Amino acid sequence: MFKEINNRFLRYLAIVICILIIIICAVEINFLGLFGYSPTKKDIKFPSLSVASEVYTADSVLIGRYYNENRTPVTFNEIPAGVINALVATEDVRFYKHKGVDFYSIASGIVSTAKGDKRGASTITQQLAKNLYRTRYNKSQGYIKHIPVVRTLVSKFKEWLTAYKIESNYSKNDIITMYLNTVPFGNNSFGINTASKHYFNKTVQKIKVEEGALLVGMLKATSTYNPIKFPEKALERRNIVLTQMHKYGYLKDVELQSALSQTLKLDIGSDSEKSDGDSYLRSAVDKWLNKWCDENDYNLYEDGLKIYTTIDSKLQKYAEEAVQEQMKNLQRRFNNSWGNEEPWRDSEGTLIENFINKAVEKLVWYPALAKKYHFNNDSLQAFLSKPKKMKVFSWDGDEEVEFSTLDSLAYYAKTLNTGMMTLDPFNGHIKVWVGGDNHKYFQYDHVNQAKRQAGSTFKPFAYLAALESGMNPCDKFTDKPVTIKYKLENKEEVWEPKNSSYSFSYREMSLRLAMARSVNSITAQITDSIGWDKVVEAAHRCGIESPLQSVPSVSLGSNDVSVFEMVKAYSTFINKGIKTEPMLVQKIYDIDNNLIEEFKAKQEKALTEEIAWLMVYMLRGGMEEPEGTSQALWEWDLWKNNNQIGGKTGTSSDYVDGWYMGVTKDLVTGVWVGADDRSIHFKTSETGEGSKTALPIFAKFMEKVYKDKSTGYSEGRFPKPDIEITRIYNCPSPQIFKDTATIDSLKTDSLNQPLPGEEIFPDIKEETKPPITEPVPVQ
């Protein structure tokens, strides 16, 4: 065919053109898998850009971001001219003259390299092709990647082809915008806008000429010219960019001198700190959306979604402040109570030997370490006991210490933690989520991951079952010893619950008073009367999802549940018996701000409206009945406008877990406090019960909320019932005052003494009265 061309030059030219066409076709179709992936026409028109998704509070405050590449794209009009001019002057001065590949620059680069002045000749469009379509990644290279020189030539050739495709589909302004949105700037910042937020704490629209020049200068080598690590090199590179801008007419003399005189003024933005996962909220939303993303084919880390949660930023802030204030005091109290003693004890109070060494052996990396040292215990102990500098969590900020591995484990084992959640019971919106002390050091979420014994906060479900069985809040039981026989796995068991007061009063108490004072003996009698299966069923119906062992002690909170479940279940009471599924996300928008999903809480009827109202009335008893366990709340400024609060304290055996469940007319809040290991706990009720550990967090939180009128939450009374209450419930308990003037308080507990001329147990003969101070374990 070529012989028919008589002119030798044209013949050779035709041969070269044919070979070139064959090579282009072979590369484009990835002939025999030799050349790897090349962007198709569809890829060019619809480039896949990994964009960070952002998560916001309900009031549009940024909580965090999800990304593989931290990127927030901007449009061409949002990019200052100074940034574009700096880029063109430095990276591709002939950008507006070529069609994707600049052969003039290539020839010039070859000549310069031959003279010893090595420089690149890639255009902005070629660099975009490399960044956007990963033309030099292994999966894009095919089998020729094993041939060094050929691999480089083919990669470069594919960049040229891709650059021509880009130029034929996009304007110059589009290309430069895409480039600035894709290029990496170090510190996991992708795109000019994210880089601007990271290094200068402002959007790209607001950066100055010298700041834009600094960012553009980094593109040559983001590590070498990182202004955080190498400020002098970064400043030198910035000045070169400014000089290039002046050289090509983008800066006047005066503007150049002014820009060169500016020092390096970084203002590292918090945007990056919100992007690294260091947040219980961010992690909770991630888990919340896993299923939705799978079902709707979205990638949370690449699709640039805007997620609006139900969280109220002000309430969240006040909750975190309350946790910080109380937990700092609690940790100090805990440390002081144990002094130089180790706090890991069994149920008898005996020190657990080798507690820390056993804890080490449970760590995932321990088997590999033991194998490394050939399971030699002396060598292992030497390694684990060797001190090294490290930072540890403290309530005063990160603390520099010199700890061994064993020291570190002991330190964190003694650290108390917490979980707190606040819910709008009417629409299911979660307003507050505090998963623990500090997500950086404690990733385990104590709102929905951790499950602990609920103690007395579980008692309302026994009283709920009692009301549903036909009892009234005014029905009375006697506080006296109880023995309950039952079968567990075909084995006869006997349960004899004790009161936390270490005594029985032998008084008659209404159901409301008994729940308000958290009297174990009466709760046990009620449970025995109605059946513990009924308590389990009532709890599940209200929202407890954890498996509950159906035994008599279930009503005293012997089962493990989460803060999330407890808040959900208590919300059923205030919402007129309607169980509402808590929701953390309410709206999701796509990258173009189109609403793609709006969530509504699932609701179902769980209780009658009358029973629900009576349960709220029962919970109010903690404040309104004599010696109610919530009355420590009087210490805080919570009682303006005839405010009413319902609540229930809870403390598990040995003061391992402290709980408080607080209910107002608008919100339901649950708080748990304790150490992650159940062997570590307070010594006494004076320091370790729920009213001393968890209740103050609720009180401090609500006090802050009420003081800030802009939150929209105010003091006030619970709403009156919308239906007729057919049960007898208005039976206030009389206050009992005791004269202790004639009593030796060192010998006798004055709280259990009669009034002058009155016996505590008028219907019981003297010889049958029990000892006043019977020592019993705390329930």
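These are my notebook entries on what I looked up in this structure, which is a predicted model.

**Entry 1: the whole chain**

I began with the overall counts. The protein has 779 residues, and 51% of them are buried. I found 26 helices and 22 strands listed for it. Then I looked at contacts between residues at least 6 apart in sequence: 69% of these join residues at least 24 apart.

**Entry 2: a sheet**

Next I picked out a sheet. In what order do its strands run? I noted S9-S8-S22-S21-S20, an open sheet of five strands with antiparallel pairing. Strand S9 (430-434) and strand S20 (646-651) are at the edges with a single partner strand each, so one side of each has no neighbour in the sheet. I also wrote down the twist, which averages 5 degrees from one strand to the next.

A reminder to myself: strands in a sheet pair through backbone hydrogen bonds, in a parallel or an antiparallel way.

I zoomed in on one pair. S8 and S9 are antiparallel partners, joined over four bridges. Here I could see Met420 standing opposite Val434 in S9.

**Entry 3: Gln603**

I wanted to follow one residue all the way, so I chose Gln603, which sits in strand S19 (residues 603-605). Is Gln603 buried or exposed? Neither label fits: its relative accessible area is 44%, and because buried means under 20% and exposed over 50%, Gln603 is partly exposed.

Which residues does Gln603 touch, leaving out those up to four places away in sequence? My list reads Phe426, Asn575, Ile578, Lys579 and Thr580. Phe426 caught my eye, as Phe426 and Gln603 are 177 residues apart along the chain while their C-alpha atoms are separated by 9.5 Å. A polar atom of the Gln603 side chain lies 3.0 Å from the backbone oxygen of Phe426. The side chain of Gln603 also has a polar contact of 3.0 Å with the side chain of Thr580.

**Entry 4: salt bridges**

How many salt bridges does the structure hold? The count is 29. I went through a few of them.

Glu342 and Lys414 meet through their side chains at 3.3 Å, N to O. This pair links distant parts of the chain, 72 residues apart: Glu342 is in the loop between helix H13 (313-338) and helix H14 (355-361), and Lys414 is in the loop between helix H17 (405-413) and strand S8 (416-423). Glu342 is partly exposed at 30% relative accessibility, and Lys414 is partly exposed at 26%.

Then I looked at Glu468 and Arg541, whose side chains form a salt bridge of 2.8 Å, N to O. Glu468 belongs to helix H18 (residues 459-468) and Arg541 to helix H21 (residues 532-542), so this pair ties together parts that are 73 residues apart in sequence. I have Glu468 down as partly exposed at 33%, and Arg541 as partly exposed at 22%.

My next pair was Lys568 and Glu581, with a salt bridge of 2.7 Å, N to O. Lys568 is in helix H22 (residues 563-574), and Glu581 is in the loop between strand S16 (578-580) and strand S17 (585-589), 13 residues apart. Lys568 counts as buried, at 2% relative accessibility, whereas Glu581 is partly exposed at 28%.

I also came across a network of salt bridges that links Lys317, Glu321, Glu325 and Lys704.

**Entry 5: Glu210**

After those pairs, I looked up a charged residue with no salt bridge. Glu210 is in helix H9 (residues 209-218), and it is buried. How far away is the nearest side chain of opposite charge? That is Lys208, 4.8 Å away; a salt bridge needs the nitrogen within 4 Å of the carboxyl oxygen, so this pair misses the cut-off. Not counting residues up to four places away in sequence, Glu210 touches Arg238, Leu242, Ala259 and Gln262.

**Entry 6: positive phi**

My last search was for positive phi angles in residues other than glycine. Tyr506 has one, near 60 degrees, and its place is the loop between strand S13 (491-495) and strand S14 (508-510). Ser518 is not a glycine either, and its phi is positive at about 60 degrees. I found Ser518 in the loop between helix H19 (511-517) and helix H20 (520-530). With a relative accessible area of 8%, Ser518 is buried.

How values were computed
Residues are numbered from 1 along each chain as its sequence is written. This is a predicted model: local features need pLDDT of at least 70, side-chain atom pairs count only at pLDDT 80 or more; totals for chains, interfaces and linings use all residues. Side-chain values use heavy atoms; hydrogens and water are left out. Helices (H or I, at least four residues) and strands (E, at least two) are DSSP runs, numbered from the N terminus. Buried means under 20% relative accessible area, exposed over 50%, partly exposed in between (1.4 Å probe, protein chains only). Contact means heavy atoms within 4.5 Å. A polar contact is a pair of N or O atoms within 3.5 Å; within protein, one must be able to donate a hydrogen and the other to accept it, and residues adjacent in sequence count only if both atoms are side-chain atoms. Lys and Arg count as positive and Asp and Glu as negative; His and the chain ends are not counted. Two strands pair if DSSP finds at least two bridges between them. Axes are lines fitted to C-alpha atoms, for helices over the stretch in contact, and angles run from 0 to 180 degrees between N-to-C directions.
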